[in-house]
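Subject: Structure for your files

Hello,

Here is the structure we spoke about. Please have a look at it before reading the notes below.

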Amino acid sequence: MLLIKCPWCGERDETEFSYGGEAAIKRPLKPKDLNDEQWADYLFMRKNTRGLFLEQWNHSVGCRQWFLVERNTITYEIISTKRINSDALNSEVPQ
Amino acid sequence: MQTNRLNQGGFIDRNKTLRFTFNGQSYSGYQGDTLASALIANGIKIVGRSFKYHRPRGIIGSGAEEPNAIFQIGSGATTEAGMRATQIELYDGLVAKSEKGWPSLSFDIAIINDWFSKLFGAGFYYKTFMYPAKFWKIYEYFLRRMAGLGQAPKQPDPDHYSHQNIHCDILIVGAGPAGLMAAVSAGKSGAKVVIADDQAMFGGSLLASKEIIDGQSSEEWIASQVECLKALPNVTCLSRSTVFGYYDYNFLTINERCTNHLSEFTAGQIRQKLWRVRAKRVVLAQGAFERPLVFPNNDRPGIMLASAVSNYIHRYGVIPGKNAVLFTNNDSAYQAAIDLKMAGAQSVFIVDSRSELPSDMVDAAKKCGVELQFDAVIRNAIGNKSIKAVEISTYDANDNTCKDIADKRECDLLIYSGGWSPAVHLHSQSGGKNKWDEERHCFVPDKPSQASSSIGSCNGTWILEDCLKEGINCGQEMVTNLGFQAADINLPNSKKIKISPMKPLWQVIAKDSPEHLPKQFVDYQNDTTVSDIYLAVREGYTGIEHVKRYTALGFGTDQGKLGNINGMAILGQALEKPIAQIGTTTFRPAYTPVTFGVVAGEDIDGMFEPTRKTAMHNFHTDRKAPLEIVGQWVRPWYFPRDNEDMLSAVSRECMAARSSLGIMDASTLGKIDVCGKDAVSFLEKIYTHDVAKMSIGQCAYGVMLGEDGMIKDDGVMARLGENHFYLTTTTGGAANVMSWLEQWLQTEWPHLDVYMTSLTDHLSTIALVGPNSRRVLQTLVNTDLSAELFPFMRTCKSEIAGIAIDLYRVSFSGELAFEINVNSNFALHLWNLLMKAGKDFGITPYGTETMHVLRAEKGFIIVGQDTDGSVNPLDAGLGWLVSKEKDFIGKRSLERADSMRKDRKQLVGLLSVDNKSVIPEGAQLIEKKSTSGPTPMYGHVSSSYYSPVLGYPIALALVQSGRNRYGDKLLAISSDTKAIEVSITKPIFYDLKGERQRVE
Amino acid sequence: MNKYSAFSLFKNALTNNKNWQASWRDASPKVKYDAIIVGGGGHGLATAYYLAKNHGMRNIAVVEKGWIGGGNTARNTTIVRSNYLWTESSLLYEKSLKLWESLSQDINFNVMFSQRGVYNLGHTLQDMRDIERRVSANQLNGIDAEVVNAQQIKEAIPLINTSETARYPILGASLQRRAGVARHDAVAWGYARAASELGVDIVQQCEVTGIRKNGPQVTGVETTRGYIETKKVGVVVAGHASVIADMAGIRLPLESHPLQAYVSEPLKPVLDTVVMSNAVHGYVSQSDKGELVIGAGIDSYIGYGQRGSFHTIEHCMQAIIALFPNFSRVRMLRQWGGIVDVSPDACPILSKTPVEGLYFNCGWGTGGFKATPGSGWAFAHTIANNQPHELNAPFSLDRFSTGALIDEHGAAAVAH
């Protein structure tokens, strides 16, 4: 059972949170310019990393804030959690 | 008669006699006994029959490792299966039954399995019972009845279970010498400590010893430590509490047995409690398990572990035999010989596989009259229903083989000890690895992977003084790391002894191969023998996990506590590999079995899921409305009058709404308030329609799509102000949609200035429906409800009897209708006012079924019923809602190849050709049944009702190219009715132009 | 090789069981094969067996990083059924079910396929609509299925709680009588033995560390036991599909989640069929050994740790007690977890990939065990012919671009 540090509320039991999967999947600004494969890549294809992974969690029965978690998906160790703000998000966007 | 009871000693109260029955016979024991000690006291030898071969078996151990004394306890609703006699505290009136043996324990007909055991080697069942194929059912019927241990109760459990969360600085598992010292040293520093032990009393191994510590007897010393702990307010002591799981982030689970040891307790008292612990640090001081030795017929009743013998003598005042032979490869077992002798045994004879070396234990044994033979092993145990004699051979440790049988010696008790295995279970569960220690010949914990430490014998530390020292150091170190000032603790004085080292003896190897010898048991519970392991290797099952699965080694309810290490070592011998290369199997929770009840806790029955009821719920139940479960909500299904059946009630309700006035509780609708200066641009991305073009006070029907283009949710939404909106969602989708919106807002567009609030519980919604709704409502409000001032799809604020309300002129029935939002605290009052006001118009409350009929007559979809995850808005006939200009979530997906397919399934109406058959919902639509192979299906019926206002049945369906097939005929096929011929129509049946809801 | 039968058991008993041969050859990798199957679970071994048996490809190897059958094959709750909603799915699973029905005889290894029936419970009116939809579709596809009411359920499963006042009362169920359970380990071992007999190399302790390509064409795999040359690589590694895909430079629409299960102590027969419930999230059967075998829902997060969180077990326990209040005093013996790769439409991917000669079989989510024979059969066809069989054509990777998903979420009850 994970112990997650909400960047707003502090450490709480996993049962207070809900999971949002891979973080920093940027929604294309102009979806209609993408071909079907590119759109499918955004829509469905996932890193599903074995190891260090950046993901998003929601403190759903707490402050209801979404935030970023860097976690090892093998050991489940959480390296860091941080708030989402425009800057943080942009800096995480690949490319 | 308690023939084996000693006159003195033990933590039992000889003045409190307890009666119990075993297999129908009455016996007595004393307060403080376990069922096992009481059985031994009464001279019971056979306590069970083995799993496969039905061999008679006796008690081997004294704790969680016991493989044979496994009983059904109690009867009726409170019976419990699979209980270990060694872990059951005796209480008055206890009823125990052995789980195998027919017709009786002493004569079990299935012993023939033992005679033909060569047919039943490891994995025999994979090789037979295959022909003819049809017969497996019959084979299986008999195999299932042969297998299995106890009986599950047939009635619901009358008892209660509970969960309790606790956070602490240090959790200490095990209250033996090491654990106690750790608790005292950590506790005195002020740290919040929890110490848990699975026994009724603290003390661990010291309870079965006569050590002198700090000049006190071990009994007195334990008492003084416990007293010290109990005096500390920051220390919680839990006895009868097994730590059974060690999960991530130092989350551990403890099973506390509160009433199992009581013969009577108050109904409603908690039977067992699950402590859910988050500890900053964990100390593992669980102790170690003694290993049996492996030799032919090593399962005879009357064969017992050395530590168990000491336990029975010291803790329970019971002597398991008078003429004993002790077979060992280590010094620790000598204690049992000494204890036996001191307790009055006539003769004790030690067979030691090692050569004699200087040792205090050997000297002590000799001194009290124990006979010894070194360089010898036991070659065979004789005595079918109880041990009668042993065959002894000389043994050469260098070539690891025994010579011919040299001696035969009679006995009534055979004690064995193959050394000790640290209980690394929790360490392993926590993710820690173990390493094989070549000196101590056991797996010891390697580096912990969480904030924990193993101390005492579960760390492979055998000497008492070292255990005490580890306890103190560990406690001090941990509190220091946690920022406390460590208390000074003196190391208690204990006797220092010189011992000679243990020498492994994994298996008594004779010249003959294992297959030619009598059975040498490795895992008693599953009847796994040495030859099974050799067979597995011969057949290519060489990895430990394969061997384990093929031979069932370690798969019993003791989870291999007794046999696993021997099994691995014997596998090593068979493969000619060192045991370190064999590796261990995975240790999994639970350390010892726990009831389903305690894991479930309180959240069962009505507490299984929260039940959400609307403010008007009591009105509905007063009218005896049957309820429909929708998500967590319970909603009235229909309101029967007198003896009305469902169809009549629904017809009456429908006609009332269509002809005069109906009222419905729509409070379960999801309601979300959205405001902020970017509300419009946010909602533009969420909804498919043009939100920006909505005027203030305007309502609109909107759908949201997933990014995959499929309909996610729908509902009316309204623009309350320039930057203020009110959204409704489906009942089941409310929470989900709210989270989904928040996710988009916070993770994708955090720069948008938008605030959302769920109003689902805060506001109740009452729908007033029917041609007379305006007339009745107008009598209550000052707002002018005329069509000019309050037309269809508008909202405004108003007031009824001083209660503020929001009015929405929207309709989910196609009739003139108003939805009234009101603070839930006033909702029932308002509902009653409306009921009164509508009385002259026959106001009729209706439930979800009528709501469904009314909306189906109009072709309004229910998301989740008329759509599944494969329906997009174009399929559902909602193309008119989809903006061509703007981008919104899911739009791009509508342009993919599959979304453009001409033959997609589309929402249509269906009429039964005979005009009277109601088509079953879920029925599939076909042209004709294929005579061979699958029948092509063109769609399915999603909603279907008898329409009272039309006088014939109607249905909605999703049909391939449906909109091009109006007028076509298909067959509707369901699981249990005849095919119904249907014709495809537009998905609207009543008031095709929509005049009624817009009525002036 | 020894043929297994009652007679051979008897004959070998006479010689003290000393003449049994190895079930499969524990091979060392050769330098080159015609095809390599990555992953020695049930699906991979079945693929190898059908490649050899149906397509005559004998110079092939199965490479397994641990020991065969040690992944999800060893960790699942062994339910076998074919009553899926969509025709595409149900035909694939039905192919599998048909193979199950004669599997023990086909591979001469008793996999103990026990057709004791599977009940998928319905607790709400919508559940019952979905059940009717699924059952009528199954029947039209020639798959046995029926709808039963609460009373019929009570008669077949006397201990189940059909009280109308239950939090989620049981309204009815779908029943597939030909469905059931099987002995999971036996499936892996049986296929390994049968494949090995046909010449397939079973290589254990051999982890794939890289996929080598020449342009768009696969040329071989790097392993911990050296480089192996081949032009065809079939990847069947369940939870780790994304990891291997990454080596080949392709992306998959998968997330790997922990899936937990547990067993009770062995009991005398108390449940003669399989019960699954979507609404309360639990499924239960009783193994031949007597253990109640119970599965939970997946844990929410991505996890390769073969373990999940305890609250998932708690919730599942509550669900089981809701269905069977008498199981409250039964005791949990052991709990564990596996890694399941979940696809967006809860359907597998059995497909060619953009890399020529590289094939993926993954995305079975929580329901892969039942598909073992059919999956291997169809995947073998795909590899041998370099094109999918019509049964698995709908499960190609390109469905995520075209949008032709086969949405089995919810509709087909719990996907186990």
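Which strand of chain C pairs with strand S31 of chain B, and in which sense? The partner is S17 (residues 331–342) of chain C, and the pairing with S31 (residues 594–595) is antiparallel, over 2 bridges. Within this pairing, B:Thr595 stands opposite C:Arg331. Please keep in mind that the model is predicted.

The rest of the interface between the two chains is as follows. On the chain C side 102 residues make contact, and on the chain B side 116 do. Together the chains bury about 9600 Å², of which 57% lies on carbon and sulfur atoms. The residues of chain C that lose the most area to chain B are C:Leu140, C:Arg167 and C:Arg329, which together account for 10% of what that side buries.

As for polar interactions, the rule finds 9 salt bridges across the interface of chain C and chain B. B:Arg144 and C:Asp272 form a salt bridge through their side chains, at 3.0 Å from N to O. There are also 61 residue pairs in polar contact between the two chains, counting pairs with both residues at pLDDT 80 or more. By residue type, the side of chain C that touches chain B has 49 nonpolar, 31 polar and 22 charged residues.

On chain B itself: its secondary structure amounts to 22 helices and 50 strands. Its radius of gyration is 38 Å, well over the 30 Å that the globule rule gives for 1000 residues, so chain B is more spread out than a compact globule. The C-alpha trace of chain B spans about 115 × 75 × 55 Å along its principal axes.

Regards

Technical notes
Residues are numbered from 1 along each chain as its sequence is written. Chains are lettered from A and ligands numbered from 1 in the order in which they are written. This is a predicted model: local features need pLDDT of at least 70, side-chain atom pairs count only at pLDDT 80 or more; totals for chains, interfaces and linings use all residues. Side-chain values use heavy atoms; hydrogens and water are left out. Contact means heavy atoms within 4.5 Å. Buried area is the accessible area (1.4 Å probe) that two parts lose on being put together, summed over both. A salt bridge is a side-chain nitrogen of Lys or Arg within 4 Å of a carboxyl oxygen of Asp or Glu. A polar contact is a pair of N or O atoms within 3.5 Å; within protein, one must be able to donate a hydrogen and the other to accept it, and residues adjacent in sequence count only if both atoms are side-chain atoms. Ala, Val, Leu, Ile, Met, Phe, Trp, Tyr, Cys and Pro count as nonpolar, Asp, Glu, Lys and Arg as charged, and the others, Gly among them, as polar. Two strands pair if DSSP finds at least two bridges between them. Helices (H or I, at least four residues) and strands (E, at least two) are DSSP runs, numbered from the N terminus. The radius of gyration is taken over C-alpha atoms; the globule rule is 2.2 Å times the number of residues to the power 0.38.
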